[in-house]
Amino acid sequence: MRVHILSIFPDMFPGPLSAGIMARAQRSGLVEIHVHNPRDFATDRHRSVDDAPFGGGPGMVMRPEPLFEAVESLSLPAGSPVLLMSPQGRLFTQRDAERLSRAEMLVLICGRYEGVDDRVATHLTTEEVSVGDYVLTGGELPALTIVDAVVRLLPGALGHGEEALPDDSHTSGLLQYPQYTRPSEYRGWGVPEVLLSGNHQQIAKWRRRAALLKTLERRPDLLRTASLSADDRAYLRGLGWTEA
Ligand code: 9D3
């Protein structure tokens, strides 16, 4: 897979992309990540990438030409996803990560300033996404978030012991159960006895119920789409859950 990122702050990318699974995926040739500065595609005397908003108002708006020219300089296969990082976008989900992980080439455009000329969203990008309901200073960290979520899904990106297990959080649709490791007692705090029992059936049952309880407490919205057994439902109803 080849990923192209457009950002007027290209220095924000090498650090996060140079560690761990992202670094290994690039070294092994699973993914190439190219960062382009729209300023290099600006043609006016001052190489400007922004301008005042038509109609007046505070702040600056990213001009369309450098972004169009930058995207059109890439040799994109027809139908390649071109994403605009935007607080006005729909929420990016694990489903999006799975879909994008099947693309040959991917383009992520990072907005800055008060926003991006709307012709970029309407005529250049295929989708507009946000990574959450909080205000950031630009689309760079969202782009890194999306690259991370997509690259780890590429076949071979995760080493042994790193695979997305079928009981992984956002796969089965529940939050993960609590994990513990040595020491079995730390500062007087023990770990659930069942995890030390060696009884794998009891352990699996405890973990399932711990995941259900945590999900009910923190993310009850997830229970509507999680795949739940009759046993799961009975346990949740005992905790006061009502199927909506
Ligand atoms: C204070 C400016 N806001 C006026 C209502 C609008 C605004 C413009 C640009 C708010 C944030 C930004 C910069 N953020 C992004 O470009 C962004 C973002 C985000 O802030 N949160 C979650 N996902 C994303 S994706 C891109």
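A polar contact here is a pair of N or O atoms within 3.5 Å; within protein, one must be able to donate a hydrogen and the other to accept it, and residues adjacent in sequence count only if both atoms are side-chain atoms. Keep in mind that this is a predicted model, where local features need pLDDT of at least 70 and side-chain atom pairs count only at pLDDT 80 or more, while totals for chains, interfaces and linings use all residues. Residues are numbered from 1 along each chain as its sequence is written, and side-chain values use heavy atoms, leaving out hydrogens and water.

**View 1. Polar contacts of the ligand.** Look for a ligand nitrogen 3.1 Å from a polar backbone atom of Val-131. A ligand nitrogen also sits 3.3 Å from an N or O atom in the Ser-130 side chain. Over at Gly-139, a polar backbone atom is 3.4 Å from a ligand oxygen.

**View 2. The shell around the ligand.** Here you'll find 16 residues (each with a heavy atom within 4 Å of the ligand). Among the closest are Glu-114 and Tyr-134. The shell splits into 9 nonpolar, 6 polar and 1 charged, with Gly counted as polar.

**View 3. Leu-108 in the largest nonpolar core.** Such a core is a set of buried (under 20% relative accessible area, 1.4 Å probe, protein chains only) Ala, Val, Leu, Ile, Met, Phe, Trp, Tyr and Cys residues joined through side-chain atoms within 4.5 Å. This one has 28 residues, and Leu-108 is one of the four that touch the most other members. Beyond its neighbours within four places in sequence, Leu-108 has contacts (heavy atoms within 4.5 Å) including Val-3, Met-85 and Ile-146.

How values were computed: Buried < 20%, exposed > 50% of the residue type's maximum accessible area, 1.4 Å probe, protein only.
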